[in-house]
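Hi,

Here is the structure I promised to pass on. Could you open it alongside this email and follow along as you read?

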Amino acid sequence: AWSATNFLLAIAVYNRLAIYVGYNGLTAMRIVGFFGITVVVVGFCLVLSKIAFQRGFWWLLRTQLTALLLCVIAFTLFPVDYVAHRYNASRVTQGYKHPSVMIAVKPKDDSGYLPMIDLVNVKDLIIREGVRAMLAERQRMIRIETDASPWHWTRFQGATQLLYRRMIENEALWEQYLRDDPSRRDAIDRFTEYAMQWY
């Protein structure tokens, strides 16, 4: 009964996270939540194994620390921003606008900007222009960062190179925002204010 209630609690946490994700999208912290509750479930299974196979305390401590270490390594290697914004962009392109708030307000690395390119032709004018302006802003910043210091192999980032190549291919869609700072800022602000209704 004790074990069953613990598993039921874990299922409830998964369900609550899924409700949040289903309502307004995926975020880095929600991915942390999924990883966290998963390692808790694994840890609890190890406690049950200790009891069932009459293992010692030090075995349990070692295996739980190993499980935690593997979870940390897996999370470090996991493309958090890409997965989060891939999911959010996919929902918005399907017509469900709520996850656009996470695209508008959450910080992201260049892998997180990549899926946003799929939104540059969505029907919603405010989202479409806001995303175009955000991509123009990021493209402008990449150029500034690149010009600020000479290139060196230690600066190479695969996600940045791929993103910039995709930006050059689609640059015509947001060219006006590259040239016009006030209109770029206005489009981003309008998008943020619009999307905040789903925060």
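Below is what I found in it, from the overall fold down to a few single residues.

Before anything else, please keep in mind that this is a predicted model.

**The chain as a whole**

The protein chain has ten helices and zero strands, so read from the N terminus on, its elements simply go α-α-α-α-α-α-α-α-α-α. The radius of gyration is 22 Å, well over the 16 Å that the globule rule gives for 199 residues, so the chain is more spread out than a compact globule. The C-alpha trace spans about 70 × 45 × 20 Å along its principal axes. Of the 199 residues, 37% are buried. The chain exposes about 11,800 Å², and carbon and sulfur atoms supply 63% of that area. If you take the contacts between residues at least 6 apart in sequence, 70% of them join residues at least 24 apart.

**The cores**

The largest nonpolar core has 31 residues, and Val131, Leu135, Trp174 and Phe191 are the ones that touch the most other members. Helices H4 (80–93), H5 (100–105), H7 (125–148), H8 (158–170), H9 (175–179) and H10 (181–195) each supply at least two residues of this core. The biggest giver is H7, with seven residues. There is also a second, separate core of eleven residues, and Val21, Ile31, Ala67 and Ala84 are among them.

**Helix H10**

This helix is a good place to zoom in. At 1.5 Å a residue, its 15 residues should span 21 Å, and the end C-alpha atoms are indeed 21 Å apart, which agrees. Its buried residues are Ser183, Arg184, Ala187, Ile188, Phe191, Tyr194 and Ala195. They cover an arc of only 135° around the axis, which puts them on the same side of H10. An α-helix has 3.6 residues a turn, so residues three or four places apart point the same way. The buried residues of H10 pack against H5, H7 and H9, while the face turned away from the buried side carries the exposed residues Pro182 and Glu193.

Two residues of this helix deserve a look of their own. Leaving aside neighbours within four places in sequence, Phe191 is in contact with Ser100, Ile103, Ala104, Ile126, Ile127, Gly130, Val131 and Met134. Arg184, also in H10, counts as buried because its relative accessibility is 4%, under the 20% cut-off. Not counting residues up to four places away in sequence, Arg184 touches Ala133, Ala136, Glu137, Arg140, Tyr177 and Leu178.

**Helix H8**

For the 13 residues of H8, 1.5 Å a residue gives an expected span of 18 Å; the end C-alpha atoms are 19 Å apart, which agrees. The buried residues here are Thr160, Leu163 and Met167. Seen down the axis of H8, they fall within an arc of 65°, so they line one face of the helix. What covers them includes helix H6 (110–113) and H7.

**Around H2 and H3**

Leu46 lies in helix H2 (residues 28–53) and is buried, with a relative accessible area of 16%. Leu46 and Leu60 are 14 residues apart in sequence, and their C-alpha atoms are 6.8 Å apart in space. Apart from residues up to four places away in sequence, Leu46 touches Trp59, Leu60, Thr63, Gln64 and Ala67. Between H2 and helix H3 (57–77) there is a loop that holds Gln54. Gln54 has a positive phi of about 55° although it is not a glycine, and at 74% relative accessibility Gln54 counts as exposed.

**A buried loop residue**

Where does Met116 lie? Met116 is in the loop between H6 and H7, yet it is buried, with a relative accessible area of 0%. Not counting residues up to four places away in sequence, Met116 touches Ile103, Lys108, Val131, Met134 and Leu135. The C-alpha atoms of Met116 and Tyr82 are separated by 9.7 Å, with their positions 34 residues apart along the chain.

Happy browsing, and do write back with any questions.

Best wishes

Methods. Residues numbered from 1 in each chain as written. Predicted model: local features only at pLDDT ≥ 70, side-chain atom pairs only at ≥ 80, totals over all residues. Heavy atoms only, no water. Core = buried A, V, L, I, M, F, W, Y, C linked by side-chain atoms within 4.5 Å. Buried < 20%, exposed > 50% of the residue type's maximum accessible area, 1.4 Å probe, protein only. Helix = DSSP H or I, 4+ residues; strand = E, 2+ residues; numbered from the N terminus. Contact = heavy atoms within 4.5 Å. Expected span 1.5 Å × (residues − 1). Arc of directions from axis to C-beta. Rg over C-alpha atoms; globule rule 2.2 N^0.38 Å. Areas by Shrake-Rupley, 256 points an atom, 1.4 Å probe, with all protein chains shown as cover.
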